[in-house]
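Subject: Structure for you, with notes on its cavities

Hi,

Here is the structure I promised to pass along. Please have it open while you read, as my notes below are about the empty spaces inside.

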Amino acid sequence: MKITFLLTWGDQMGGTEQATYTQAAHLAARHEVEVLSVFRTRETPFFPVDARVALRHLVDRTGTVDSPVRPHGISTEECARLADLPSELVDRSWESAFNALSDLELRRELNGIDADVLVSTTPALMSVIADLTPPHVITVHQEHRCSQLRGTSGEPLLLRAPEIDALVCLTDRTREWFADSLGPAAPRLLAIPNAVPEGFRPRSSLTGKTIVMPSRLVPEKRVDQAIQAFARASGEHPGWRLRVFGEGPEARRLRGLVESLGLSDSVELLGATEHMPEEWARASFGVLSSRNEAFPLVLLEAFAAGVPALAYDVLTGPAEIIRHGVDGLLVPSGDVDALAQAMSRLMGDEAALSTMGAAALEGTKRFSSEHVVKEWENLFTELLAHRESPRRLTARAERRAYQRLHLGAGRFHTTVTPDRETPASEDQRARENALRAERPELIRSGGRLSEVREDLYADDILRRNLDTAVTALEAHGIPYILLRGNGTVLRHRLAVDAERAEAVREALATTYGGDAVYVQLLSPRHGAAPGTPLAEALPRAGESAGLRVFRQVVTPGQTLRFGPGYGCDIEFWPVLPEEDEHAGLYGAPLGATAVGKRLPTLTPDATLNLGDREYPSLRPFTRRLLNDITFPIDVVYTWVDGADPEWLARKEARMSALGLALPHGADHGDVRFRDREELRYSLRSLAMCAPWVRNVFLVTDGQVPAWLDEEHPDIRIVTHREIFADEECLPTFNSHAIESRLHHIEGLSEHFLYLNDDLFFGRPLRPSTFFHGNGAPRFFWSPTEIPLGAASEEDEGYFAAAKNNRRLLEEHFGVSVTNGFQHAPHPLRKSLLLEMEETFPEEFARTAAAPLRGWRDISVPSSLHHHYGYLTEAAVPGSLRNAYVDIGSYAQHPRLTRLLADRGYDSFCLGEGPDSLVPPEEQARVVRAFLGAYFPVRSPYER
């Protein structure tokens, strides 16, 4: 068969290029193989190309102007103009190298390509082959990175994968992520690792006291952490050296770090080299400290030289290669102390080095070219056997249809959150399969067995996992106390005497044998591998500073997963030794509590109440602490349905009475009043992420969403008539006016949050995110500057109000303000708003009386309150991770995909600018698809 590999630039140094040439060479023994490079960037490729593999280029970049490599009649000037035009095939956010000239050459080449199989090597190229390849050519994408963490460059993977024949990943974990995210829209999915590069590899004697680390010098590789770990370990092991091979922007900073640590004689930053086999032959072990990897070839190169390795246990890669304790060591990602301990262990144990080195060399058989090539040949043969089948193209069309119907809209694609914990061992996966056979209601999600539920909120999961842990402890008579944390982490924490650690492991194993209960090891010790075993396997898992106990739960669409982040921590507290200044006290193994890092006893003398149950604790944890928030907090929404005929009639009548024509534009048009049921999902976010809210007040012009349960005791509809003292102000269609009267809601608590319906809580939060324990609200600065000058009729309403606010503050305080505030939940105090109304009565009255947003308005709860509170020492700046996404822009839709996958923002806003390019109907589909995936659990406020 004829196989063509498509590279962006086949001349450069990179893992994708090296892996492609290695694979091409292996296949060339029995097939016609070529590498097609879009760009030629060097006279000679960095990696040697096997003589049996043809290498062709499309666009030459070695000269001053891009030009086609083929004979052509395009002038130099025309080439330059084409190279300056953007690509129509590849979005610039995916890959910036492409342009109109590369489009021209790709279309010419791929439309008539005669290959049997065409293999793309980047997501951008996958999109290109989906667009251009003739139907008779089998299309395969080989994914060379950790797809789950690609960000913008990975967008084509989800959008275009249904249109190709197969997608091949490097690890099962990435394959499972694609299967979960694409569902029936997935093409043939397979995991095939990279093969060990062929050729002679001199073997290391492991006696040189040398640590080798090939790495690009970029922040992602965390070389600084490897250097810091070496500094801690080398003091006990003189004579050892750390040799770093690579180049990058971090070189200067790393040299400074080496000098500051006094390691100039033992840490060498040597730049890139083409002689790594010889360097591995001098190594005793290798180190990999990256934040993320896909399937690191450097580990295979080390193993091929008989060199063991230690690495951070990141999402994918190292754990698929290193067998912990057999041919290397894995340590928790980012744990410099653990990395130093692992280094020290290998530095000080020649016998272990020798044993692991032999195992590493033997372990390369798992990645032999013979084994890997056979998997590729089997895949290609299988796909070619069905090339002419009508079902092949029909299946592709049906995958695309499913994708459009169920997996998003626009450029948004639903995706599952990647699991970031250690992948399960083969033995554990076999056991999980057996458990699933016994309990068919369980599904596999994120690499673990999961219950499927759509009726639980985050707080329910946290309590459920607490009770799971407590049940095992109490059943085996193991004393414990419930701790109170000192930060924003919501997980429950239990303290147990460290002497009972083994008993705890046995208790969990016994109680949950045959059950889908998982336990993550916290700070593994004494050589234990990082991991998240089933509870029943705990006695074999090794020691750790604590255990995180959880039952994994997912919603039916798997877009919301409650995993270890919602577990309950059982911490093993040791008695501090005599040499410690606090000898005799118990010391925190995993971080301070609300009352500090040490406790005098673990014998309970009080109880803490959570819900309807009391848990043993210590008296200090039951006292009200300085930062505790015990006051009630309400939420106020303003909402309107701009499509309601009765509301539209009232608006038209009001404007007619004022002698005004129906308005248009950002301040008065459809954009501001369009309802896509955002409020339904904002309330879902409130129920999921802020269970501490007391009451919800929905301020409307008498409108009530059809789906809302008005009878729910914690929600109340507030009409404009209830908050406006002067009925002459009504009806009003001015959001500034309505906002200026919110503090007059009857029954509203002193402390409350104000939200528009386009705002959403992104993850579970504590009330301390918004208020201090003394009641002071926090506010959240925005980098958006308020334009200079006085407000005028030409100003957009937001900026006009901000300028008017500034004028008031200048007149009253003699202080000018320059920045506004994030469009996020606004923490407010009713008494402060009343004080402001007394201070600025004319401005409040004028704004309240304006039926439409105008250039003389002030903006009260979203801006003036925060500035006024800051200047009167009643409010303080806070920190909030907030995102704003313009759903009217196609370019911003991929941000929704990342928001859904990461769930890392405290809050986010789905806004829409006045110059939207996305039709309203499509915007509605995008919003509903995204919000339905992000918040699949119904709130108690829905009918």
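Helix H1 contributes the most to the lining of the largest cavity, giving four residues. Please keep in mind that this is a predicted model. H1 covers residues 15–27, and both H1 and helix H14 (369–385) provide at least two lining residues each. The space in this largest cavity comes to about 90 Å³.

If you would like to click through the wall, the residues to select are Ala-19, Thr-22, Gln-23, His-26, Gln-142, Pro-193, Asn-194, Ala-195, Leu-297, Val-372, Val-373 and Trp-376. What classes do the residues of this lining fall into? Seven are nonpolar and five are polar, while none is charged.

Now for the second largest cavity, which holds about 80 Å³ of space. It is lined by 13 residues, and those closest to its centre are Arg-173, Trp-177, Pro-418, Asp-419 and Gly-446. Which helix gives the most to this lining? That is helix H6, residues 172–182, with four residues. Here the lining includes charged residues, five of them, along with four nonpolar and four polar ones.

As for the structure as a whole, the search turned up five cavities of 30 Å³ or more. In general, rolling a probe the size of a water molecule over the atoms reveals where empty space remains.

Happy to talk it over whenever suits you.

Best wishes

Definitions and conventions:
Residues are numbered from 1 along each chain as its sequence is written. This is a predicted model: local features need pLDDT of at least 70, side-chain atom pairs count only at pLDDT 80 or more; totals for chains, interfaces and linings use all residues. Side-chain values use heavy atoms; hydrogens and water are left out. On a 1 Å grid over the protein atoms alone, a cavity is a set of points where a 1.4 Å probe fits but cannot get out, and a pocket is an open set with protein on both sides within 12 Å along at least five of seven lines; lining residues have an atom within 4 Å of a point. Grid points are joined across faces, edges and corners, and a volume is the space filled by probe spheres set on the points. Ala, Val, Leu, Ile, Met, Phe, Trp, Tyr, Cys and Pro count as nonpolar, Asp, Glu, Lys and Arg as charged, and the others, Gly among them, as polar.
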